[in-house]
Amino acid sequence: MAANAGGSGLSVKLLVSYCMLARFGTPQLVLPYRSKKMPRTRAQRRATQGPLGGLNDDALRRVLTFLSVADSRRSAGGASKAMRGVATSNELTRLRGSESYVLRGSDHGVIHALATALGTQPWRRVSFDFPSGGIISSRSINDVRMPPSRLRITSHREMDPEVWESRLRLYPHLRTDEVFAFQAIDRDSIRAFVTSAECTLNPGTFAEFQLPFQLQISSFSLGHGPCCATGFQDWVFEAFDGERWHVIYECGESPWLPRDFRPNVDGPPRYFHIDATGVASSRFRLRILPKVAEHGPPNSLRCFHIRALEFFGTVLPPWSV
Ligand SMILES: [Zn+2]
């Protein structure tokens, strides 16, 4: 497109003109010499601050600004076609990735974005059999969401020797828990998607979730499998700053009271707001603490059947689809 010729994005001169066009809609104001004058309006001031300055997070306004004057003056169909061309261009994709991306709403967060290429593809689903441990050696799971490949999920289980020695003798496959990543992000609650590998664990057990970019996190959501959800007490949510972990949310009482859900059905997702402003990290983790006195002995065993995990906030650049 003419507006993007030169390979370095829009010139400031053209951008000023388009901003004015978008604001006033009067072709007379689209005059090149205006860019040589001092900015007079707030939009002009913002426009001089950089090729994407002053457009905030309004995606439509951004795309309109990238449309050439000629394309803007075509018929509605022509302008629409040109807009689509700009919206799907590699250049706009590259430029958007150099700025923050705000995830709006409480349904679709970062994990959804990673799994669906920012909503442009369906979430891939798979079916498989898995060793559940316990009496039933194998369970089948159908049509379950695939963890996004760019989300690195690792878990560390503090196993109580008294409980686990005999259990591992009987069910050696529980040493590795290959379904945890599937369980953690699964959102379809009515299913027996529980392994005993996450049952009866000691404090110090944690699961880490590493994103391919920095996230300025504002909240996260979490569900829990039906097994011992009411006992999911005394845990923290932490962010890594490059040197050490910081607690950014601490939970004492279980978010799932017995009245909240039916037996054998997952504890529904709860939303947890992060008060600390400006917390940005690519690594987050959930960690089980020793129990406080009123909840029981410090080393009380707990279940860790994480479900429906999602993070919300602003994706910081650089990021890509
Ligand atoms: Zn359990």
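The following exchange asks on what grounds certain descriptions of this predicted model are made.

Me: What should I know about the numbering and the model before reading residue names?
Reply: Residues are numbered from 1 along each chain as its sequence is written. The model is predicted, and local features need pLDDT of at least 70, side-chain atom pairs count only at pLDDT 80 or more, and totals for chains, interfaces and linings use all residues.

Me: How do you know which stretch has a pLDDT below 50?
Reply: The pLDDT is the predictor's confidence in each residue, from 0 to 100. The mean for the protein chain is 78, and 75% of its residues reach 70 or more, whereas over residues 1–36 the value is below 50. That stretch has 47 contacts in the model beyond near neighbours in sequence, a contact being two residues whose C-beta atoms, placed from the backbone, lie within 7 Å. Where pLDDT is low, the predicted coordinates should not be read in detail.

Me: How many helices and strands does the protein chain have, and what makes a run count as one?
Reply: The protein chain has nine helices and ten strands. Helices (H or I, at least four residues) and strands (E, at least two) are DSSP runs, numbered from the N terminus.

Me: Why is Gly109 called buried or exposed?
Reply: A residue is buried if 20 or more other C-beta atoms lie within 10 Å of its own, exposed if 12 or fewer, and partly exposed in between, with C-beta atoms placed from the backbone. Gly109 has 22 such neighbours inside 10 Å and therefore counts as buried. Gly109 sits in the loop between β1 (101–102) and α7, and, leaving aside neighbours within four places in sequence, Gly109 is in contact with Leu103, Glu310, Phe311 and Phe312. Its C-alpha atom is 9.5 Å from that of Leu309, although Gly109 and Leu309 are 200 residues apart in sequence. Over the protein chain of 321 residues, buried residues make up 29%.

Me: What makes a set of residues the largest nonpolar core here?
Reply: A nonpolar core is a set of buried Ala, Val, Leu, Ile, Met, Phe, Trp, Tyr and Cys residues joined through C-beta atoms within 7 Å. The largest such set in this model has 40 residues, and those with the most contacts inside it are Val110, Ile111, Ala184, Ile306, Leu309 and Phe311. The elements that give two or more residues to this core include α7 (110–115), α9 (180–185), β5 (206–224) and β10 (306–315), and the largest share, eight residues, comes from β5. Leu309 is in contact with Ile111, Ala184, Ile185 and Leu222 when its neighbours within four places in sequence are left aside. In soluble globular proteins, nonpolar side chains tend to be buried together.

Me: How do you know which strands pair with β5?
Reply: Two strands pair if DSSP finds at least two bridges between them. β5 and β10 pair in the antiparallel sense over eight bridges, and β5 and β9 do so over seven bridges. Strand β4 (residues 152–156) also pairs with β5 in the antiparallel sense, over five bridges, and β5 and strand β8 (residues 267–273) pair in the antiparallel sense over five bridges. Particular pairs of residues show the arrangement: Gln210 stands opposite Arg283 in β9, Ser155 stands opposite Ala207 in β5, and His224 stands opposite Gly267 in β8.

Me: Why is Gly313 called buried or exposed?
Reply: Gly313 has 21 C-beta neighbours inside 10 Å, so Gly313 counts as buried. Gly313 lies in strand β10 and is the bridge partner of Ile217. Its C-alpha atom is separated by 5.7 Å from that of Leu103, 210 residues apart along the chain.

Me: What makes Cys228 and Asp234 worth a look at their phi values?
Reply: Most residues other than glycine have a negative phi, and most peptide bonds are trans. Cys228 has a positive phi of about 60°, and phi of Asp234 is near 55°, also positive. Cys228 lies in the loop between β5 and β6, and Asp234 is found in the loop between β5 and β6. With 19 C-beta neighbours inside 10 Å, Cys228 counts as partly exposed, whereas Asp234, with 21 other C-beta atoms within 10 Å, is buried.

Me: Where is a cis peptide bond found?
Reply: A cis peptide bond joins Pro317 and Pro318, with omega about -5°, and Pro318 is placed in the segment after β10.
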